[in-house]
Every structure is written in structure tokens, then in C-alpha cells.
Amino acid sequence: MLARWELSFYLLASLSFHFYSFYEVYKVSREYEEQLDQEFDLETGILFGGLKKDPTDFEWSFWMEWGKQRLVWLLLGHLAVSQMAMASQMARKMRQQEPRSLKASLPVLARGLGRLFGSWCLAELMVHLMYMHAIYSSAPLLGTVSCWTLGGLALAQVLFFYVKYLVLFGVPALLMRLDGLTPPPLPRCVSTMFSFTGMWRYFDVGLHDFLIRYVYIPVGGSQHGLLGTLFSTAVTFAFVSYWHGGYDYLWCWAALNWLGVTVENGVRRLVETPCVQHNLVQFLSPRARRRCHAALASCSTSMLVLSNLVFLGGNQVGKIYWDRVFVQGWPWVTLSVLGFLYCYSHVGIAWAKTYSTN
């Protein structure tokens, strides 16, 4: 819908923002390396030229230590067992499929291990070059870094979260493929997300399907009017918060997501009314409507990023970002961030069209 040159500009701008802000995080990581090492005991790495590693993401450190000891044997053992298992002993879906031969399984295993290794290398490179988790754990430092560094830290946090789950979700997905099953899609890149609704629908597809089937629909879903829908959505997010531990910051994160999904659905219903649709078609060209969509999406994305930072760093991190970007940074920092997210939204909207088509 947009001219190719315009979409290319948004893509180039988005990539430039990513790489420059990452460079700023890298510089701060090197500048404060000694201080962060004393406070968080950075690990001396054997990869990437001996750069030190930020070990403060507990989930990544725990599973990587576990994986070093057991993952290869788990995959090889599962491959062997899946060849010997009888189809009659499997679930109905597995019985309907021909058992996968060893010859057919080896290419699946090789491709899967290749993807896992690539994602693991990228995640390890990030925690060696950028100490984003340690910086997030140091509120005084986080409150003094430049706005570019602050933005880079936010991007690094959410992108590391994405790459981490490409690995953690990729292992069971590979095991399912070795058994001839089709696993849920792996997470969609968070840099192409431009709405709360899309984040929940496409990041963890298995969790989304589970919540819809076993929480949202049983408590009423959208079958009982607006209030019923609001109640069902609130119960769903309350369940997710409790699932993740029920800490104070998780309730804040869940509330922000409930509000974001509710506002997005309200705006979507308003835009889909015949009167509004008629006026949009009459007064705005398709390209102008796309630009308006991206402008609205940039506002939604700013709150989506803020909610994810609360989830990943806690209420204190969220408050620091809110104060520095939307309070102290008004108007120039705020408008600059929305401008960057406007470019991201255009890329995400274009990607979503391709994603849904494929």
C-alpha cells in the first residue's frame, strides 16, 4: 500500500535506531564494567574474545547450565526412543501419522539444532556485549544514562527476551517435529509488534490458545456483552499474573495489558462502525489511513514497551522510564520516542500483512 521507497525508509530508520542505541548501551557497559563487576560479579567468558558476561538473567543462566549437562543427551535419546515407539502407543493425533523414519528425522534434527545454535549464539553475544540486566538492577545508573542508552536498554531487554525464548521454546518444538507433530509457531520478533493484542496473540501462541480455551471462554468470553467481555479479559490477565508468581509488579503489568487490550479493542470497534468507515474512505486515501494507523500504533507500542519493562525489570524500572521519557522528557524526548515507534509500527504493520498471508 505504501510506496516502496517510503517503507524502505521506515525499515532503514528502524534498523539504524536499533544499532545506534545498541552501540550506546555497549559504550556504557564498557565504561561501567568495573563497577558492575564489583556489584553483580560478571562472569569471565571464554567466548567472544574473553569479554565478560552479564549473568544476572536467572532464567537464561539456569537453563544454559542445565542444557550444558543434559540437552545433547536429551535430544539424542528422544530421537532414538521416537524411532522405537509404536504408533499404537501414542496419542490419537500421532496414530494418524506415519512414524517418521530415522532418515527423515536427521534433516529435521540438523535444521532444528542449527536454528537453536544460531539463536543461542545471538543471545550469548548480547549478554557479552551489553550488560543490560545488570544495568537494570542498578537504579542510580539507570537514572543517569543518556536517553539513547535508555532506549537501547529497552530494545536490548525485549529483544533478548525474544531470542531467549527462541531457544527455550525451540527445544520442545524440535522434539515435537521429531515425532512428526506440528508445534505452535515460535515467538514473532518483538521489533515487529505494534499492539498489545498482537503481542499476546503471536509471541507465545501456545499460552494464548490455552488462555482462550481454558480461562477466557469458560468465564463468559465475549458472549455476554461489553461488561462480560471486560470481566472475562480481566480474569484472564489476573490468571496470567498469578501464573507468573503474583508479585506486585506482575499485577501492575497485567493491569497495563488489560487496559491496553481494552483500549485497542474499543478503538477497533469504533473504527469499524459504518459511519466512521464511510468518513475514512471519503476523506483519507489508503496511504493516509495506513499512516494514521501507524501513528495510533506508535502510542500503543510505547505503552506496550513500558508494560514489558515492568514485567522484565519491576515497578522501579517502569517508573524510571515513565519519569524520564514522559514526564521529564516532555515534549522532545517523548515525541522523539513516538517518532521512532512510528517507523517501527510501519514495519510491523507491513510484516503483519505478510505474516497473516503466509
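Here are some notes on the fold, a few of its helices and a handful of single residues.

1. Ground rules. This is a predicted model, where local features need pLDDT of at least 70 and side-chain atom pairs count only at pLDDT 80 or more, while totals for chains, interfaces and linings use all residues. Residues are numbered from 1 along each chain as its sequence is written, and side-chain values use heavy atoms, with hydrogens and water left out.

2. The overall picture. The protein has 16 helices and two strands; these are DSSP runs numbered from the N terminus, with helices being H or I of at least four residues and strands E of at least two. Of its 358 residues, 43% count as buried. Buried here is under 20% relative accessible area, exposed is over 50%, and partly exposed is in between (1.4 Å probe, protein chains only). If you take contacts between residues at least 6 apart in sequence, 71% of them join residues at least 24 apart, a contact being heavy atoms within 4.5 Å.

3. Helix α1. This one covers residues 4-31, which is 28 residues, and reaches 41 Å from its first C-alpha to its last, close to the 40 Å expected at 1.5 Å a residue. The expected span is 1.5 Å times one less than the number of residues. Its buried residues include Y10, F17, F22 and V25, and E6, H18 and E24 are also among them. As a reminder, an α-helix has 3.6 residues a turn, so residues three or four places apart point the same way.

4. Two residues that meet α1. T149 sits in helix α8 and counts as buried because its relative accessibility is 1%. Setting aside residues up to four places away in sequence, T149 touches E24, V25 and V28. M130 is in the loop between α5 (102-129) and α6 (132-136), and its 6% relative accessibility makes M130 buried. Beyond its neighbours within four places in sequence, M130 is in contact with F22, V25, Y26, S29 and A156. The C-alpha atoms of M130 and R30 are separated by 8.4 Å, though the two are 100 residues apart along the chain.

5. Helix α11. The 19 residues of α11 (residues 225-243) should span 27 Å at 1.5 Å a residue, and the end C-alpha atoms are indeed 27 Å apart. What do its buried residues pack against? They pack against α9 (196-202), α10 (205-216) and α12 (248-271). The buried set is G228, T229, S232, T233, T236, F237, V240 and S241. After the helix comes G245, with a positive phi near 135°.

6. How α11 meets α12. The two axes come within 9 Å and cross at roughly 150°; axes are lines fitted to C-alpha atoms, for helices over the stretch in contact, and angles run from 0 to 180 degrees between N-to-C directions. The pair is therefore roughly antiparallel. On the scale used, under 35 degrees is roughly parallel, over 145 roughly antiparallel, 65 to 115 roughly perpendicular, and the rest oblique. The crossing is right-handed, meaning that the near helix is turned clockwise from the far one by less than a right angle, whereas anticlockwise would be left-handed. Among the residues making the contact are L230, F237 and V240 of α11 and W251, W258 and R269 of α12. By class, the contact has 12 nonpolar, four polar and one charged residues. Ala, Val, Leu, Ile, Met, Phe, Trp, Tyr, Cys and Pro count as nonpolar, Asp, Glu, Lys and Arg as charged, and the others, Gly among them, as polar.

7. How α8 meets α15. Helix α8 (residues 147-178) packs on helix α15 (residues 315-327) at an angle of about 135°, with the axes 12 Å apart. That makes α8 oblique to α15, and the crossing is left-handed. On the α8 side the contact uses C147, L150, L153 and A154, which meet Y321, R324 and V325 of α15. The class split is six nonpolar, no polar and one charged.

8. Backbone oddities. Most residues other than glycine have a negative phi, and most peptide bonds are trans. D41 has a positive phi of about 55° although it is not a glycine. Where is D41? D41 lies in the loop between α2 (33-40) and β1 (43-44), and its relative accessible area of 58% makes D41 exposed. The peptide bond from W330 to P331 is cis, with omega near 0°, and P331 falls in the loop between α15 and α16 (332-357).
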